[in-house]
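Please open the structure in your viewer and keep the sequence panel visible. The tour below proposes selections one after another and describes what is found at each.

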Amino acid sequence: MKIAYFIGALNRGGAESLILDICRQHKQAPFEFVCVYRHNGNLSEAFKASGTLLINIPKSLGFIRYILAIRKVLLQEHITIVHSQTPSNTLLLAFALLGADIKIITTFHGHLFADAAWWKRKIVYAASDKIICVSEYQKRYYEQNWGLPKDNKLRVVYNGIDFTKFNQKSERVRELENEDRIRLCMVGNFIKGRSQYIICEAIDQLKKQGITDFDFCFIGRRDEAESWRYDDCVKYCEENQLINIHFLGSREDVPTILKSLDGFIYSTEHDTFGIAIVEAVAAGLPVVVNDWPVMTEICNLGLPKSNRAIRFFKTDDVDDCAKQMKNLISELQNHGDQLKKDCQQAAEAANQKYSIQKHIDNLYAVYQNI
C-alpha cells in the first residue's frame with residue numbers, strides 16, 4: 001500500500017499543518033506515502049526537513065498538461081490511494097485518473113464546498129471511494145445539506161496533533177509578562193465565523209463589575225478581505241478603554257505561548273473540528289468555549305462531571321460568556337491547585353484521543369477498508 005497526499009501550496013493552514021505532522025511521522029507510519037503539491041510556501045522548508053518524498057507538479061503547466069502530469073506521477077510512483085485534502089482537488093483527480101486503478105479519498109476540512117454547483121458535488125461524491133469528515137457534526141452537515149445517503153462512504157476521522165511541540169520552552173510575550181495578573185488568550189484569525197467581538201463585549205462587562213486584574217490577548221491575523229472584523233474589535237476596545245486587551249496578530253510560536261498562559265477563551269460559529277481548543281486543553285489550560293455543536297463534541301473527553309477544565313457558555317450570549325469568564329478568573333485566583341489537577345486530567349485525555357499517531361492509525365484503518 002502506497003499513499004499520495006495531494007495538496008495545493010505548502011503554506012500554513014489547517015490541512016497543510018496536519019499533513020506536515022503526518023510527514024514528520026513517516027518512519028513510524030504503518031504505510032508508505034509521498035506528498036504531491038502545486039506550489040511552495042512558508043512551510044516548504046519544514047516539509048523538506050520531514051524527510052518525506054515531495055513531488056512538485058506546478059499548475060502553471062495548463063489544465064491538460066497538469067492533469068496528465070498528475071496521472072503520470074501517480075502511476076510511476078505505483079500509488080494505491082491518493083488522498084485529496086479538498087473537494088476541488090478531487091475534481092482534478094477525477095479527470096486525471098480516469099480508467100486508472102488508483103483509489104481516491106477526499107477529506108472535507110471545512111464548509112467551503114457545501115454550496116458548490118450540483119454537478120461538482122456529484123463528481124466529487126462519485127469519484128471518492130471514501131469521504132473523510134473531521135467530526136460527526138461535519139458529517140451530519142454534509143449528509144443533510146447535500147442530501148447524501150447515510151452509507152459507509154462518509155467516515156469520521158478526527159484530526160491529529162503533534163503534541164511534542166508543547167515540550168519546547170515557553171515563550172515570553174511582553175503583553176503577558178506580569179505574572180501577578182491572570183493571563184488569558186484566544187487563538188483564531190479574524191474571519192467569518194469567529195466571534196472575537198463577543199469576547200470584547202464580555203470583557204467590557206467584567207470591567208463594569210470591577211474585574212480588571214487580568215490581561216487578554218487575541219492571536220490571529222487581520223484578514224484583508226474582511227478587515228472590519230478586526231478593526232471593529234480594536235475600535236470597541238479603544239472606545240471602551242479596555243487597556244487589558246492586546247492584539248498580537250499572527251504568530252508562529254502559539255504552542256509555546258500557550259504554556260505561559262493561565263486560561264483560554266474561544267468563541268466560534270464556523271469550526272468543523274477546533275484545533276485551537278484541543279491544543280489549549282493539551283497545553284494544560286482551562287478553557288471557556290461557546291456551546292457550538294462541534295465544540296461540545298470535540299471537548300467530550302470522557303471527563304468526570306466534577307472536572308472544571310472545560311466550561312461552556314451559550315453561543316452569542318455575551319452575558320453568559322462574561323459569567324463563565326468571571327467564574328474561571330475566580331477559580332484561578334482561589335482554587336488554582338485543584339484546577340491544575342483537572343486541567344492535567346483533561347490534557348492527558350486530549351493527548352490520547354487526538355494525538356497524531358492516533359490519527360495515522362485511524363487513517364490506516366480507512367485505507368485498509370477500501
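**A guided tour of the predicted model**

Select isoleucine 219 and glycine 249 together: glycine 249, in S10, is the bridge partner of isoleucine 219. Please bear in mind throughout that this model is predicted. Next, display the whole of S9 and strand S10 (residues 245–249), which run parallel and are joined by four bridges. To travel from S9 to S10, the chain passes through helix H8 (residues 228–239), and this β-α-β crossover is right-handed.

**The surroundings of S9**

Now colour strand S9 (residues 214–219) by burial. Six of its six residues are buried, so S9 is largely enclosed by the rest of the structure. Show the side chains: Phe214, Phe216 and Phe218 point one way, while Asp215, Cys217 and Ile219 point the other way.

Add strand S8 (residues 182–187), which pairs with S9 in the parallel sense over six bridges. One pair to label is methionine 186 and phenylalanine 218, the latter being the bridge partner in S9. Between S8 and S9 the chain runs through H7, and this β-α-β crossover is also described as right-handed.

**Where two helices meet**

Keep helix H7 (residues 196–208) and select helix H12 (residues 318–334) as well. They pack at an angle of about 60°, and their axes are 8 Å apart. The crossing of H7 past H12 is right-handed. On the H7 side, show Ile198, Glu201, Ala202, Ile203, Gln205 and Leu206; on the H12 side, show Val318, Asp319, Cys321, Ala322, Met325, Lys326 and Ile329. Which kinds of residue, nonpolar, polar or charged, make up this contact of H7 with H12? Nine are nonpolar, one is polar and three are charged.

**A sheet of seven strands**

Move to the open sheet whose strand order is S3-S2-S1-S4-S5-S6-S7, with parallel pairing. As general background, strands of a sheet pair through backbone hydrogen bonds. Strand S3 (54–56) and strand S7 (154–156) are at the edges; each has a single partner strand, so one side of each lacks a neighbour in the sheet. On average, and with direction ignored, neighbouring strands are turned by 25° against each other.

Within this sheet, select strand S4 (residues 81–84) and strand S5 (residues 103–108), which are parallel and joined by four bridges. Serine 84 stands opposite threonine 106 in S5.

Then add the helices that pack on the sheet. Helix H3 (residues 63–76) touches strand S1 (2–6), strand S2 (32–37), S3 and S4, and its direction makes about 155° with that of S1. Helix H6 (residues 136–145) touches S5, strand S6 (130–133) and S7, and its direction makes about 160° with that of S7.

**Three residues in loops**

Select serine 267, in the loop between strand S11 (263–266) and helix H10 (275–282). Is serine 267 buried or exposed? Its relative accessible area is 1%, so serine 267 is buried. Beyond its neighbours within four places in sequence, serine 267 is in contact with Met186, Arg194, Ser195, Ile198, Ile199, Asn290 and Phe313.

Most residues other than glycine have a negative phi. Histidine 78, in the loop between H3 and S4, has a positive phi of about 55°. With 64% relative accessibility, histidine 78 counts as exposed.

Finally, select aspartate 316, in the loop between strand S13 (310–313) and H12. Its phi is also positive, near 70°, and aspartate 316 is partly exposed, with a relative accessible area of 48%.

Technical notes
Residues numbered from 1 in each chain as written. Predicted model: local features only at pLDDT ≥ 70, side-chain atom pairs only at ≥ 80, totals over all residues. Heavy atoms only, no water. Axes fitted to C-alpha atoms, helices over the stretch in contact; angles between N-to-C directions. Left-handed = near helix turned anticlockwise from the far one by under 90°. Contact = heavy atoms within 4.5 Å. Nonpolar A, V, L, I, M, F, W, Y, C, P; charged D, E, K, R; others polar. Pairing = 2+ DSSP bridges. Buried < 20%, exposed > 50% of the residue type's maximum accessible area, 1.4 Å probe, protein only. Right-handed = clockwise from strand over helix to strand, strands pointing away.
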